[in-house]
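Hi everyone, thanks for making time this morning. Let's look at a structure together and talk through how its parts fit. Please have the picture open while I speak.

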2 protein chains.
Amino acid sequence: MTESPVAKIAPEEAWEMLRGNEFGRLAFHLADEVHITPINYAIDAQDRIVVRTAEGSKLLGLTMNADVAFEIDEIDEDEARSVVVRGRAHTLEGHEAEEVEQLPLRPWVDTVKLNVVAITVDELSGRRFSLTRPWRHMIPED
Amino acid sequence: MTESPVAKIAPEEAWEMLRGNEFGRLAFHLADEVHITPINYAIDAQDRIVVRTAEGSKLLGLTMNADVAFEIDEIDEDEARSVVVRGRAHTLEGHEAEEVEQLPLRPWVDTVKLNVVAITVDELSGRRFSLTRPWRHMIPED
């Protein structure tokens, strides 16, 4: 047995990656379908993933089923790192929604009315893949 | 009104991106949960997205609920492009599974027993985001 080309990332490093990025992919239920969308996000003071949704967006499916998954990754010459989150989404209202203005969650198109959604992180897992032979390493998590 | 910073990608270009990449993110049902995983893939002769799964992988959820979503993206200095697929997954057996050996879907760890899963593409949508002001542009699809 050689050393495994896949290694777990410690939660501290996974959180650091989440805080250091602003672009991920959100998977969510829409009725009985699963959907995925690229999305900008920020991490708030309660360690929630905060995103904005436009009215009429498919993301309003979040209000029907709060169960979501979220992924970010970073790929460079030597390795790829991926962080996967499972959590629950809920819409922020009033004061909480206003507080999001303090986050580095940048506004989208000005004319679009936006809702603010916070995702509470229930599970966090990160993996690091050596890219010396990348095609041997991208094994879905058990 | 200024020109929209978000533009649809034509199906031909979206397919070209799917054929030109080998790394994406697969969202799938596992019981009543949505999960997401980074994954290697290839496109086969029937325009299906083909992936390999390890025994015991969460991806075996695909055998319980075939409904999946899949995303790839490319980001460079000026723009980001994302392609999102919705489709149905099924396990390939026998001759069909063997044919996958002809695809540029590279093997994972040798000792892991693998299943081959093909995803039939039902919906394909691609979007291009100008990155001059990226934070204004990542609006989830309507």
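Let me start with a small puzzle: which residue in β5(B) is the bridge partner of I43(B)? Before you hunt for it, please keep in mind that this is a predicted model. The residue is I49(B). That bridge belongs to a pairing in which β4(B) and β5(B) run antiparallel, joined by two bridges. Five residues sit between the strands of this hairpin, and one residue to look at there is D47(B), which takes a positive phi near 60 degrees.

Let's stay with β5(B) for a moment. The strand spans residues 49-54 of chain B, and six of its six residues are buried. From β5(B), the residues I49(B), V51(B) and T53(B) point one way, while V50(B), R52(B) and A54(B) point the other way. Both sets are buried, and yes, that includes R52(B). β5(B) also pairs with β8(B): the two run antiparallel and are joined by six bridges. If you want a spot to click on, V51(B) stands opposite V117(B) in that pairing.

Now over to chain A, for the overall plan. Chain A has two helices and eight strands, and along the sequence they come in the order β-α-β-β-β-β-β-β-α-β. Of the 142 residues in chain A, 49% are buried. Its accessible surface is about 7000 Å², with 49% of that belonging to carbon and sulfur atoms. Take the contacts in chain A between residues at least 6 apart in sequence: 69% of them join residues at least 24 apart.

A good strand to follow here is β8(A), residues 114-130. Strand β1 of chain A, residues 6-9, pairs with β8(A) in the antiparallel sense over four bridges, and there V6(A) faces F129(A). Strand β5 of chain A, residues 49-54, is another antiparallel partner of β8(A), with six bridges; V51(A) stands opposite V117(A). Then comes strand β7 of chain A, residues 79-92, which runs antiparallel to β8(A) with 14 bridges between them. In that pairing, look for H90(A) opposite A118(A).

Next, the helix α1(B), residues 11-20. Which of its residues are buried? They are A14(B), W15(B), M17(B) and L18(B). These four cover an arc of only 155 degrees around the axis, so they lie on the same side of α1(B). The face turned away from that side carries E12(B), E16(B) and G20(B), which are exposed. And what do the buried residues of α1(B) pack against? The strands β1, β4, β6, β7 and β8 of chain B.

Last stop, the aromatic rings. Over all chains, the structure holds two aromatic pairs. In one of them, Y41(A) and F70(A) meet edge-to-face, 4.9 Å centre to centre with 75 degrees between the planes. Y41(A) lies in the loop between β3 and β4 of chain A and F70(A) in strand β6, so the pair ties together parts that are 29 residues apart in sequence. Y41(A) is buried, with a relative accessible area of 1%, and F70(A) is buried too, at 0%. The pair in chain B is Y41(B) with F70(B), edge-to-face, at 4.9 Å and 75 degrees. Again a loop residue meets one in β6, so this pair also links parts of its chain that are 29 residues apart. Both Y41(B) and F70(B) are buried.

That's my tour, and I'm happy to take questions.

Key. Residues are numbered from 1 along each chain as its sequence is written. Chains are lettered from A and ligands numbered from 1 in the order in which they are written. This is a predicted model: local features need pLDDT of at least 70, side-chain atom pairs count only at pLDDT 80 or more; totals for chains, interfaces and linings use all residues. Side-chain values use heavy atoms; hydrogens and water are left out. Buried means under 20% relative accessible area, exposed over 50%, partly exposed in between (1.4 Å probe, protein chains only). Contact means heavy atoms within 4.5 Å. Accessible areas come from the Shrake-Rupley method with a 1.4 Å probe; for residues, only the protein chains shown count as cover. Rings of Phe, Tyr and Trp (its six-membered ring) pair if their centres lie within 6.5 Å; planes under 30 degrees apart count as stacked, over 60 as edge-to-face and the rest as tilted. Two strands pair if DSSP finds at least two bridges between them. The arc is that of the directions from the helix axis to the C-beta atoms.
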